[in-house]
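Hi,

Here is the structure I promised to pass on. My notes follow below it.

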Amino acid sequence: MSRRILIAGNWKMNKTSAEGAALVKEIAAGLPAGNLPEILVCPPYLTIPAVVEAAKGSALEVGAENVHWAASGAYTGEVSTAMLLDAGVTHVIVGHSERRQYFGETDETVNQRAKAAVEAGLVAVICVGETLAEREAGETAAVIDRQTRKALEGISDLAKVVIAYEPVWAIGTGKTATPDMAQEVHAQIRAILADLYGADAAETVRILYGGSMKPANAPELLAKKDIDGGLIGGASLKAPDFLALVAAGANA
Ligand code: PGA
């Protein structure tokens, strides 16, 4: 089964509207002709309209970095699926480790956010990953199992699900999981999906790697059987780097 590679930029809390629009224009202008991977950029909420506008007519899709599960209501600081759809968003990251670490996200809230996204027709890019302490304690497999199963609770169809394996110790640190380390966890995630949804459905799901992915290490990572793309932070903020990652995705 061949899965289309997905190269996704997670801009985090970077770029104003003007800067984000300029980056998208630069990326779009630099895209090679021919086969492309699926390409996604996820800017901060406030800059989504400018980025969607700049991406119009290009191969770039626009995602959000989070979403709330309720349709509307007294949830100060949150944004609903309807608001994202209204703004032209197609994907949303949920459960990023920075949300879990700094903003109190739990397996439970990640599940609620993922479920709401999928039900609304957004593609949920669900992040899972172990901390350094968990890896050193030999708990990686248990953490991945718990986070993945809980995030998917109540989601009956995988058509709108992407999983991102992001070892927390590799995010923004310059440390990358070796391709073999990443592949081992990706294979575990696919086995969990097969257990929950059947082998055929599991084969259709993209599992992205995230954590200091850059042009230099992307080809080796993307060559692995169960690594179907990247969720990229730092290297997604500069057009030449992101374009090199897109090229790596096209050649994988
Ligand atoms: P990084 O971030 O590429 O800067 O390590 C990845 C992520 O957090 O999604």
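**Ligand site**

The ligand is surrounded by 13 residues (a heavy atom within 4 Å of it). Lys12, His96, Glu166, Gly172 and Ser212 are the closest. This is a predicted model: local features need pLDDT of at least 70, side-chain atom pairs count only at pLDDT 80 or more, and totals for chains, interfaces and linings use all residues. Residues are numbered from 1 along each chain as its sequence is written, and side-chain values use heavy atoms, with hydrogens and water left out.

By class, the shell holds 4 nonpolar, 7 polar and 2 charged residues. Here Ala, Val, Leu, Ile, Met, Phe, Trp, Tyr, Cys and Pro count as nonpolar, Asp, Glu, Lys and Arg as charged, and the others, Gly among them, as polar.

Now the polar contacts (pairs of N or O atoms within 3.5 Å). Glutamate 166 places a polar side-chain atom 2.8 Å from a ligand oxygen. For asparagine 10, a polar side-chain atom lies 3.5 Å from an oxygen of the ligand. Serine 212 uses a backbone N or O atom, 2.7 Å from a ligand oxygen. The ligand alone exposes 280 Å², and the protein buries 95% of that (Shrake-Rupley, 1.4 Å probe).

**Aromatic pairs**

There are 2 aromatic pairs (Phe, Tyr or Trp ring centres within 6.5 Å; planes under 30 degrees apart are stacked, over 60 edge-to-face, the rest tilted). In one of them, the rings of tyrosine 102 and phenylalanine 103 have centres 6.3 Å apart and planes at 85°, so the pair is edge-to-face. Tyrosine 102 has 57% relative accessibility, so it counts as exposed (over 50%, 1.4 Å probe, protein chains only). Phenylalanine 103 is also exposed, at 53%.

Best wishes

How values were computed
A polar contact is a pair of N or O atoms within 3.5 Å; within protein, one must be able to donate a hydrogen and the other to accept it, and residues adjacent in sequence count only if both atoms are side-chain atoms. Rings of Phe, Tyr and Trp (its six-membered ring) pair if their centres lie within 6.5 Å; planes under 30 degrees apart count as stacked, over 60 as edge-to-face and the rest as tilted. Buried means under 20% relative accessible area, exposed over 50%, partly exposed in between (1.4 Å probe, protein chains only).
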